[in-house]
Amino acid sequence: MSLALVLALAACGDSAADKLARARQELADMELAAARVDLASVLAEKGDDPAPLLMLAEVQLRLGDGDGAAATAARLERVAKTRPEVRQIKAEAALLKGDPTTALALVGGDQAPAALRIRASALLALDDNVGALAALRQGAAKGGDARLLADYARFLIDAGDLAGADQQIAALQKARPDDLDGYLLSADVAARRGRYDAAHMTLAKAAGRYPRIPDPLLARATTYDLQGKLDAAVAMTAKAAELAPDDTRVRDLQVQFASMKGEWEKVRALLSRQEKTFDPISANGLSYAEAMLRTGHPEQARAMFHRALTRSPNNPFSRVMLAEAQLVVGDAASAYTTVLPLAQSVLAGPREIEIAAKAAEALNRPDTAAWRARLVAANEGTAAKLAGEGQAALAREDWQAAVAAYRQLLQLGEDADVHKRLALALSHSGQPTEAIRSADRARALRPDDPDTVYVAGLVRVRGGLDRTTGLALLRQATEAAPGNVVFQRSLATYGAQGGG
C-alpha cells in the first residue's frame, strides 16, 4: 500500500480544520508528499478555498510539479484572481515546465522578493547569469525571503565565492533559524572547506529537526564520501533509503557508492532501465559506461566514453576510461593518444601512467622503459603525496601550505595543472602578481584549455590587477566551455563589480 493511500485512510475521520492544521505542520517539516495528501482532502471537502489552494501550490512547486501547480493556479484565479501570489505561482509553474520566457513575462516588473527569485531562476535557465545575479542581489537587499537567500547562496557557491555565500547563509539563518536550506548550505560550505566535523554536526541538527525526510542523511552520506569514509557513506544512504526508497537522489548515491566498491552488476541493475535516456556526461551515464566495461562489454563502453569525452573534453575521468576501453579492445595507438595529456602531468597517478605504459609496450614504443620507471615512482607516491597535501590545503583554505606544496611539486617538473593550482593559492594569499605569473605560465603550457584561461582571468579580477584583460579572459573561457556553471557565474559576479 502506498504512503499516500495510508495517509489518506488515516485521515478519513479528521475534520477539514484538523487536516489543514496538520498540512501546515507537514509543510513546515518539509513532509511535502503528506501535506499534498491532506490539502487535497481539505479541498475535496471545502471546495476552492484560497488558503489551502495557496498552500497546495507551494507544496507542488517545492515538489517540482509544474503541471499540478499550474492547475492549482487556474483554480486560484477563479476565487482570488487579484492576489499577487497567483501570478507568481503561474510564473514558477511555467519555469518548472521548461518555459522561462513565459515565467519572465508573468512576473513582469514585480519587485517582490518572491518575484525576483523567480526572475533570477528564469534568467539562469536562459543562461543570463548577469541578469540573474542582479535579481538575486536586488531581492537580497529587500530581505526576508528565505528561498531567495538560499538561491543566492547556491549561486555564489557555484561561482566559488564561499565567503559571499557565508553572508547569504547567515542572513537566511537570521530570517529563519531552522530553515532546511540554511542547514544544508552551511554544511555544504563547511565540507567544501574540509571542516567535516562541523558539517556533520550541522546535518545532525537538521536530521533532528526534519526527521522524516532524507535530505540531511543524503548530505551526510556525501560528506562521508568526501572524507573517504565509504562504508559510513553507504550506511547513511541506507538510512535515507528507509525514509525515501523511491527518491532518485537515493538511487544516485547507491549507484555512486556501488561503483566505488566495484559492484558493477549492481550498478547495471540499478541503471539498466535508463540506458537509453542517459546524459553521457552525467554521473550515472559514466558509471553505467564503466559497469559495461567491467562486465565484459568494452565496445559499448568505448562508444559511451567517446561520446562523453566529445561533450566534455576536459573531463579527466572520461579520458582515462576511454583510454582503458581502447586498450581493452586492442586499440593501443588510440589509447596512448587519449591518455597522454593526463599521463604527462606531474599530477598523474599510477592509473594514467600504467595505461600509457601498457599502450607504449603494445606499440613497441622506445619510451616504454621511461613509462615503467615513472610508474614505479608514482607508486612510491612522492608526487601524489604533495598533490594531496596541496588539495587538502586548498580545501581548508590554508593558502600558505598550498603554495608550499605546489612549489615543491614544480621542482619535479613544469606542469600546467600545478601552475594553475599554485596561482589560485597565491591569489587567495594576497600575492596577485605572483598569481598572475603562475597562471600565465599554465596558460602558456596549455593555451587552448578553458581552465587555464579561466584561472588567468580569475586571478586578475580577484587581485584588482589588469581587470579589463581579466574579464576578457573570463569571457573567453566561458565561450570555450559554455556549459561550465563556475565560469558563467564567476564572470557574472566579477563583471558586475564596477562594470567592465
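Q: What radius of gyration does the protein chain have, and what would a compact globule with 500 residues have?
A: In this predicted model, the protein chain has a radius of gyration of 26 Å, and a compact globule with 500 residues would have one near 23 Å, which agrees.

Q: And what box do the C-alpha atoms fill?
A: Taken along the principal axes, the box filled by the C-alpha atoms of the protein chain is roughly 85 × 55 × 40 Å.

Q: How many helices and strands are there in the protein chain?
A: The secondary structure of the protein chain comes to 30 helices, and the number of strands is zero.

Q: What share of the residues is buried?
A: Buried residues make up 47% of the 500 residues in the protein chain. As for the surface, the protein chain exposes about 23100 Å², and carbon and sulfur atoms supply 53% of that area.

Q: What about contacts between residues 24 or more positions apart?
A: If you take the contacts in the protein chain with a separation of 6 or more, residues 24 or more positions apart account for 51% of them.

Q: Switching to charges, how many positive and negative side chains are there?
A: The protein chain has 61 positive and 62 negative side chains, and the centres of these two sets lie 2 Å apart.

Q: How many aromatic pairs are there?
A: The count comes to three aromatic pairs. One of them is formed by Phe305 and Phe317, whose ring centres are 6.2 Å apart and whose planes stand at 75 degrees, so this pair is edge-to-face. Phe305 belongs to helix α19 (residues 298-311) and Phe317 to helix α20 (residues 316-328), and the pair links these distant parts of the chain, twelve residues apart.

Q: Are those two rings' residues buried or exposed?
A: Phe305 is buried, with a relative accessible area of 0%, whereas Phe317, at 28% relative accessibility, counts as partly exposed.

Q: What do Tyr454 and Phe487 form?
A: Tyr454 and Phe487 form an aromatic pair that is stacked, with 4.5 Å from centre to centre and 20 degrees between the planes. Tyr454 lies in helix α28 (residues 450-463) and Phe487 in helix α30 (residues 485-495), so the pair ties together parts that are 33 residues apart in sequence.

Q: Why do Tyr454 and Phe487 count as buried?
A: Residues under 20% relative accessible area are called buried. Tyr454 has 9% relative accessibility and therefore counts as buried, and Phe487 counts as buried because its relative accessibility is 3%.

Q: Staying in helix α30, what is Gln488 in contact with?
A: Gln488 has its place in helix α30 and counts as buried at 13% relative accessibility. Leaving aside neighbours within four places in sequence, Gln488 is in contact with Asp127, Asn129, Thr478, Pro482 and Gly483.

Q: Where is Asp127 found?
A: Asp127 is found in the loop between α8 (113-125) and α9 (129-142), and at 55% relative accessibility this residue counts as exposed. Phi of Asp127 is near 65 degrees, a positive value in a residue other than glycine.

Q: What sign does phi have in most residues other than glycine?
A: Most residues other than glycine have a negative phi. Met30 also has a positive value, with phi near 60 degrees, and Met30 is found in the loop between α2 (16-28) and α3 (32-46).

Q: New topic: where is Ala425, and what is in contact with it?
A: Ala425 has its place in helix α26 (residues 416-428), where it counts as buried at 0% relative accessibility. Apart from neighbours within four places in sequence, Ala425 is in contact with Leu394, Trp399, Ala402 and Val403. The C-alpha atoms of Ala425 and Leu293 are separated by 38 Å, and these two residues are 132 residues apart along the chain.

Q: Back in helix α19, which residues does Arg302 touch?
A: Arg302, which has its place in helix α19, touches Leu322, Ala325, Gln326, Val329 and Asp331, not counting residues up to four places away in sequence. With a relative accessible area of 24%, Arg302 is partly exposed. The C-alpha atoms of Arg302 and Tyr152, which are 150 residues apart along the chain, are separated by 40 Å.

Methods: Residues numbered from 1 in each chain as written. Predicted model: local features only at pLDDT ≥ 70, side-chain atom pairs only at ≥ 80, totals over all residues. Heavy atoms only, no water. Helix = DSSP H or I, 4+ residues; strand = E, 2+ residues; numbered from the N terminus. Rg over C-alpha atoms; globule rule 2.2 N^0.38 Å. Buried < 20%, exposed > 50% of the residue type's maximum accessible area, 1.4 Å probe, protein only. Contact = heavy atoms within 4.5 Å. Areas by Shrake-Rupley, 256 points an atom, 1.4 Å probe, with all protein chains shown as cover. Lys, Arg positive; Asp, Glu negative; His and termini not counted. Charge placed at Lys NZ, Arg CZ, Asp CG, Glu CD. Phe/Tyr/Trp six-rings, centres within 6.5 Å; stacked < 30°, edge-to-face > 60°.
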